[in-house]
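This briefing is meant to be read alongside the sequence and the coordinates. Please keep both in view while going through the points below.

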Amino acid sequence: MIHLAQLRIATIMGVRSKGLFLQIAKLPTQLFISAALLAMPAPALAQGGLPLGRTSFVADAVRRAGPAVVRIDTERTVVSTGSGGVPQMLLMDPLFRQFFGVPGAGIPSQRTERGQGTGVIFQPEGLILTNAHVVDGSSRVTVVLVDGRSLEGSVVGSDPITDLAVVRVSSNYPLPVAPLGNSDGVQVGDWAIAVGNPFGLDNTVTLGIISSTNRNASKLGITDKRLDLIQTDAAINPGNSGGPLLNAEGQVVGINAMVRSGPGAGLGFAIPINRARNIADQLVKNGRASHAMVGLVLQTDPRGVRVASLMPGGPAARAGLQIGDLITKASGKQIKDPAQFLKAVEANGVGQSLDVMAMREGKMFNHSLVPVEMSEINKR
C-alpha cells in the first residue's frame, strides 16, 4: 500500500445529539427515525420507514462482484551483502576482516520477502487486475480464490507509470468475473464499496462515498505517476491494494491503489476503471503500456499553462515552442492546468499530430506536436 504525506483533518466520531435521532411526539406510539434509515435509498424503505427484507444494497453488490475478488500472495528474493553498513572497501581488506572477526563479509546472501495484496478477475480467461507495486519484483505469485483454492499466477505485464498490472491464472473450472462499470459516470456522493484483504483479513468490505473525482496524482505529491484518481472515504488499508472499488450496483468503478496515513487517515484513492481497462488491454496485447510524451514542463497560469522548461530536441522544442510560451488550447480544447494538457497528450497518442495554441509576446501561434513514446525520451 502506498502511503501519502500526512494531512491534518479533524474528525468527529461517536457524537450523540438530537441530530442523530428524531423523536416524533404526540403519537400513540413513539417512533424513532435514525439517520442511517434516512440515508438508505428510497426503494429500501417500506411504509412507516422500516427496511424491506434483511439484506442491503451493499450485500447485493458484494454478492455480485465479491466472488471475483482474490488475494495475491507474493515472494521476492532479496540479495544482500551483509556488510552491516561498513564501507565495501574496508570489507575487501583481509586484515580488517581478520582484526574485527568478520570472516566471509561481503559475500552475497539471499532471503525471501513475502507480500500480500488484492486483485479482481476481469476476464473469464483468468486475467486479474491489480496494482503494479503488489507484484513488482516477485519471483512467485500465488492467487487465492474466495473458496480457498490456490492457483499459481504469472505476471502478464506491469506498468509503473499507472501502478497497474495484469496477472494470469489457469483453472480447470470456470472462474467468477466481476462486472466492470463506467468510471466516467461516477459522481461525488455516489456510494463506494471497497473489497479486499487488508492486514491479511480476507474478504473485508467497507462502505463510504465518492469524495472527489479526477484528483490528480501530482497534487498529492506523487510525481512519478500519470493518474487522475477517484477519492473515497471507504476504508482502504494495507492489503487492499489492487482490490475493486464498487458502485451500488456491484460494478467495478476503480482499482484501490493508495491511502493517506497519519492524521489524514481515511482518505483513499482508486484508479478509474476506464483507465485501468485501457492499460490492461495494452498489457495483455503488448506486455507493456504506451505513454505519449512531448518533452516539456508546465506551470499553472491564470490564463492557461506556461512552458517552464523544454527538453532539447524533444517534440515540443522541434515544433517551435519556447520557454515562457502560454499554452491555451490543445486539440481544440481549452487548457486550464497541466493535468488537462497531459490528458490531451495521452488521448492523442504516440505518432499522431497534436495541435497546440500558444501565446508569445501577445501574439497567438499554432504549433503541431508529434508525441513520442516516453521510453524513447528517457533513453536520451
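What follows describes the overall make-up of the chain, then one helix, the aromatic contacts and the salt bridges.

The model is a predicted one, and its protein chain has a secondary structure of 9 helices and 23 strands. Of the 380 residues in the protein chain, 40% count as buried. Among the contacts with a separation of 6 or more, 62% are accounted for by residues 24 or more positions apart.

**Surface**

- The protein chain has an accessible surface of about 20,500 Å², and 55% of this area belongs to carbon and sulfur atoms.

**Helix α6**

- Helix α6 covers residues 273-286, which makes 14 residues, and from its first C-alpha to its last it reaches 19 Å, close to the 20 Å expected at 1.5 Å a residue.
- The buried residues of α6 are I273, A276, I279, A280, Q282 and L283, whereas R275, with a relative accessible area of 22%, is partly exposed.
- Just after α6 comes G287, which takes a positive phi of about 80°.

**Aromatic rings**

- A search of the whole structure finds 1 aromatic pair, and this pair is formed by F57 and W191, whose rings are tilted, with 5.0 Å from centre to centre and 45° between the planes.
- Because F57 lies in helix α2 (residues 57-65) and W191 in strand β10 (residues 191-196), the pair ties together parts that are 134 residues apart in sequence.
- W191 counts as partly exposed, its relative accessibility being 28%.
- A charged side chain also meets a ring: R360 lies over the face of F365, at 5.0 Å from the ring centre.

**Salt bridges involving strand β4**

- The count of salt bridges comes to 12, and one of them joins the side chains of R71 and D202 at 2.8 Å, N to O.
- The R71 and D202 pair links distant parts of the chain, since R71 is in strand β4 (residues 69-80) and D202 is in the loop between β10 and β11 (204-216), 131 residues apart.
- The two partners differ in burial class: R71 is buried, with a relative accessible area of 18%, while D202 counts as partly exposed at 36% relative accessibility.
- R71 and D202 also belong, together with D73, to a network of salt bridges.
- E75 forms a further salt bridge, with R114, in which the closest N and O atoms are 3.9 Å apart; E75 lies in strand β4 and R114 in strand β5 (residues 109-123), so this pair ties together parts that are 39 residues apart in sequence.
- In the E75 and R114 pair, E75 counts as partly exposed at 23% relative accessibility, whereas R114 counts as exposed at 64%.

**A salt bridge between helices**

- R275 forms a salt bridge with E346, and the closest N and O atoms of these residues are 3.6 Å apart.
- The R275 and E346 pair links distant parts of the chain, with R275 in helix α6 and E346 in helix α8 (residues 338-348), 71 residues apart.
- E346 counts as buried at 19% relative accessibility, because buried means under 20% relative accessible area, and R275, at 22%, is partly exposed.

How values were computed: Residues numbered from 1 in each chain as written. Predicted model: local features only at pLDDT ≥ 70, side-chain atom pairs only at ≥ 80, totals over all residues. Heavy atoms only, no water. Helix = DSSP H or I, 4+ residues; strand = E, 2+ residues; numbered from the N terminus. Buried < 20%, exposed > 50% of the residue type's maximum accessible area, 1.4 Å probe, protein only. Contact = heavy atoms within 4.5 Å. Areas by Shrake-Rupley, 256 points an atom, 1.4 Å probe, with all protein chains shown as cover. Expected span 1.5 Å × (residues − 1). Phe/Tyr/Trp six-rings, centres within 6.5 Å; stacked < 30°, edge-to-face > 60°. Lys NZ or Arg CZ within 6 Å of the ring centre and 35° of its normal. Salt bridge = Lys/Arg side-chain N within 4 Å of Asp/Glu carboxyl O.
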